Amino acid sequence: MTTKLTAFVFSTIFSLSLLGCQSEPSNIGSSAVSGQANVAPLKIATWNMEHLAYPSSAGCRPRDEQEISALRDYAKGLNADVIALQEVASVKALEQVFPSSEWQLLISSRANSATYDCRGSGNLSTQQKTAFAIRNNLVPSKVDNVSELSVNVEGLRHGLVVTLDTQFGELSVLNVHLKSGCFVDNYSTSDKKACRLLAEQLPVLKSWLEKHANSNTIVLGDFNHRLSHGDNQFWQQLTKHQNSASAPLVNATETLTGCHPRYPVPIDHILLSNKLANTVKFDPSVHFFADMSEEKMLSDHCAISVLISMR
């Protein structure tokens, strides 16, 4: 599988004053205190923002300034260093929530797809793309657009990969948003179009993992599939021919329960390569909204995260 370097990177400014603005400042890379015991942790999160658009009043999830302000507060409260984002229309949309004084913003280069009516609301859809918000004190050394995950279907999302130099060494983070609509444990037994497309995305994802099998990698995002539920066949195929000691992936968030009141089995996941999982400790979390009543949730997905620290 080939990848193409592409993304929009903003605000790569370094200063002590910016570090002081962060909600959870950390010593990263060469600035970290010497000795493994004193290496600062790294917090990686993923969050489907549900049709974040610019202007915010557009699209399938219109938002007023009060809700945008609440999204900003929520994002700040994640205290994350890297946030993989899904359902983002543009960098301008992201800038409403993630100020450039603190964050570098990257978005996939997938061409815009045709719009559609938003479930009878009279609004037209905006774009759904994968994106990253990365603290200004972390510098991406490489950004790749994994277009193959669209399996040549208009509207399906590209993967987005960022490679970072961290206190744990070089780390590649792949952000995915897979095909929605296939929520059965065995996708191969369903004749639904969504399951057929998900099946086509599987070998693309597996190929990327095989190419990075000996690296420190994280795959995270909205898989639109319940990888941690029962004998999930997508997960089984993704890790096929591996025993528990040499499995290529560890689902770091498999113990979490989904936050949505109607969907307790999560479809958002954070997967660590075996190499990374064997050298660090990781602590998963769900980040609930201030008001978890369904009509008041800021998005139909809560963010999840892992805090990575040295063993």
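Me: What makes Cys182 and Cys195 a disulfide?
Reply: Keep in mind that this is a predicted model. Here the sulfur atoms of Cys182 and Cys195 are 2.0 Å apart, and the cut-off is within 2.5 Å, so the pair counts as a disulfide.

Me: Which parts of the chain does the pair Cys182 and Cys195 tie together?
Reply: Cys182 lies in the loop between strand 7 (169-177) and helix 4 (193-211), while Cys195 lies in helix 4. That ties together parts that are 13 residues apart in sequence. With 100° about the S-S bond, the Cys182 and Cys195 link is right-handed.

Me: Why is Cys182 called buried?
Reply: Buried means under 20% relative accessible area, and Cys182 comes in at 0%, so the label fits. Its partner Cys195 has 1%, so Cys195 is buried as well.

Me: How do you know that Cys60 and Cys118 are joined?
Reply: Their S to S distance is 2.0 Å. Set that against the limit of 2.5 Å and you get a disulfide. The torsion about the S-S bond is -75°, and the link of Cys60 and Cys118 is left-handed. This pair links distant parts of the chain, 58 residues apart. Cys60 is in the loop between strand 1 (42-52) and helix 2 (65-77), and Cys118 is in the loop between strand 3 (103-107) and strand 4 (129-135).

Me: Is Cys60 buried, exposed or partly exposed, and what makes it so?
Reply: Cys60 has 24% relative accessibility. Buried needs under 20% and exposed needs over 50%, so Cys60 counts as partly exposed. Cys118, at 5%, falls under the 20% cut-off and therefore counts as buried.

Me: Why is the disulfide of Cys259 and Cys302 called right-handed?
Reply: Because the torsion about its S-S bond is about 95°. The sulfur atoms of Cys259 and Cys302 are 2.1 Å apart, which is within 2.5 Å, so the pair passes as a disulfide.

Me: Where do Cys259 and Cys302 lie?
Reply: Cys259 lies in the loop between strand 9 (249-251) and strand 10 (268-273). Cys302 is in the loop between strand 11 (280-287) and strand 12 (303-310), so the pair ties together parts that are 43 residues apart in sequence.

Me: What makes Cys259 buried?
Reply: Its relative accessible area is 13%, and that is under 20%, so Cys259 is buried. Cys302, at 3%, counts as buried too.

Me: How many disulfides does a search of the whole structure find?
Reply: Three. With the bonded cysteines numbered in sequence order, the pairing is 1-2, 3-4, 5-6.

Methods. Residues are numbered from 1 along each chain as its sequence is written. This is a predicted model: local features need pLDDT of at least 70, side-chain atom pairs count only at pLDDT 80 or more; totals for chains, interfaces and linings use all residues. Side-chain values use heavy atoms; hydrogens and water are left out. Helices (H or I, at least four residues) and strands (E, at least two) are DSSP runs, numbered from the N terminus. Buried means under 20% relative accessible area, exposed over 50%, partly exposed in between (1.4 Å probe, protein chains only).
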